[in-house]
Amino acid sequence: MLKTCDILDEKDPKVRAKNIDMTFPLLKEEKKLIHDMLEHLYFSQIEEKAKKYNLRPGMGLAGPQVGLNKNFFVVCHEEEENVFKNYVLINPKLISHSEELIYSSGGEGCLSVNRDVEGIVPRYARVTFEGYDENGNKVKYRAREELSIAFQHEMDHLNGILFFDHIDPKNPYKNMEYMREI
């Protein structure tokens, strides 16, 4: 399992570096890393496991956050209490999005950002992504609300963007009246 110290801090240049597409078949080490990332996210969302392993809660991780500058991310989403669904998106592409914008009421956080950042991050309410799973099968996911935010957040990592780059430092709550809070 990944430890918290295995996740790179925002100051590490790899977090903002250019990423390359993955090639199939994936290496055994790449598949293991994907598994370890999902396990970390799952444990981080279960209170007793998070305490035991000293994990901050997280829903997604992207390659650059763990030092692999390749285009992939994973999300572990709690669909209902203690029921989780894992998403693996390799070489993802955003193929459509809603016009409606939303923002997370509690703000966004990031496992690579070890500080509080005040402000709202505008995100699309609904998105559709295409990519590949770890076995090279084409996948397509439609995401709404919280899951949509997670996919967009992780996709930003693949482009060297951190969530606070979307926040206007002079007006952290800019245009919130034009977005829906979730």
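## Exercises on rings, strands and cores

Phe-73, Tyr-87, Phe-129, Tyr-141 and Phe-151 together make up one aromatic cluster. The model is predicted, and local features need pLDDT of at least 70, side-chain atom pairs count only at pLDDT 80 or more, while totals for chains, interfaces and linings use all residues. Residues are numbered from 1 along each chain as its sequence is written, and side-chain values use heavy atoms, with hydrogens and water left out.

**Exercise 1. Find how many aromatic pairs the whole structure holds, and describe the pair formed by Tyr-87 and Tyr-141.**

Step 1. Start with the rule: rings of Phe, Tyr and Trp (its six-membered ring) pair if their centres lie within 6.5 Å; planes under 30 degrees apart are stacked, over 60 edge-to-face, and the rest tilted.

Step 2. A search of the whole structure gives eleven aromatic pairs. In the pair of Tyr-87 and Tyr-141, the centres are 4.9 Å apart and the planes make an angle of 85°, an edge-to-face arrangement.

Step 3. Now place the two rings: Tyr-87 is in strand β3 and Tyr-141 in strand β7 (residues 138-144), so the pair ties together parts 54 residues apart in sequence. Strands here are DSSP runs (E, at least two residues) and helices likewise (H or I, at least four), numbered from the N terminus.

Step 4. Check accessibility too. Both Tyr-87 and Tyr-141 are buried (buried means under 20% relative accessible area, exposed over 50%, partly exposed in between, with a 1.4 Å probe and protein chains only).

**Exercise 2. Follow the strand partners from β1 through β2 and β3 to β6.**

Step 1. Recall that strands of a sheet pair through backbone hydrogen bonds, either parallel or antiparallel. For a pairing to count, DSSP must find at least two bridges between the strands.

Step 2. Strand β1 (residues 60-62) runs antiparallel to strand β2 (residues 72-80), with three bridges between them. Ala-62 has Phe-73 of β2 as its bridge partner.

Step 3. Eight bridges link β2 to strand β3 (residues 83-97), again in the antiparallel sense. Val-74 is matched with Val-88 in β3. These two strands form a hairpin with two residues between them, and Asn-82 in the turn has a positive phi of about 60°.

Step 4. From β3, five bridges lead to strand β6 (residues 126-132), which is antiparallel to β3. Here His-97 stands opposite Val-127.

**Exercise 3. Work out which strands lie at the edges of the open sheet β5-β4-β8.**

Step 1. This open sheet has three strands in the order β5-β4-β8, with mixed pairing.

Step 2. The edge strands are β5 (123-124) and β8 (180-181), since each pairs on one side only.

Step 3. Look at one join: β4 (residues 101-103) meets β5 through two bridges and runs antiparallel to β5. Leu-101 is paired with Tyr-124.

**Exercise 4. Which elements each supply at least two residues of the largest nonpolar core?**

Step 1. A nonpolar core is a set of buried Ala, Val, Leu, Ile, Met, Phe, Trp, Tyr and Cys residues joined through side-chain atoms within 4.5 Å.

Step 2. The largest such core has 19 residues, and those with the most contacts inside it are Ile-34, Met-37, Leu-61, Phe-72, Val-74 and Ile-90.

Step 3. α1 (28-44), β2 and β3 each supply at least two residues. The largest share, five residues, comes from α1.

Step 4. A second, separate core of 16 residues includes Ala-62, Val-75, Tyr-87 and Met-155.

**Exercise 5. Is Ser-112 buried or exposed, and which residues does Ser-112 touch?**

Step 1. Ser-112 sits in the loop between β4 and β5. At a relative accessible area of 0%, Ser-112 is buried.

Step 2. Contact means heavy atoms within 4.5 Å. Leaving out residues up to four places away in sequence, Ser-112 touches Ile-7, Leu-8, Asp-9, Glu-10 and Gln-65.

Step 3. With Gln-65 there is also a side-chain to side-chain polar contact at 3.1 Å (a pair of N or O atoms within 3.5 Å; within protein, one must be able to donate a hydrogen and the other to accept it, and residues adjacent in sequence count only if both atoms are side-chain atoms).
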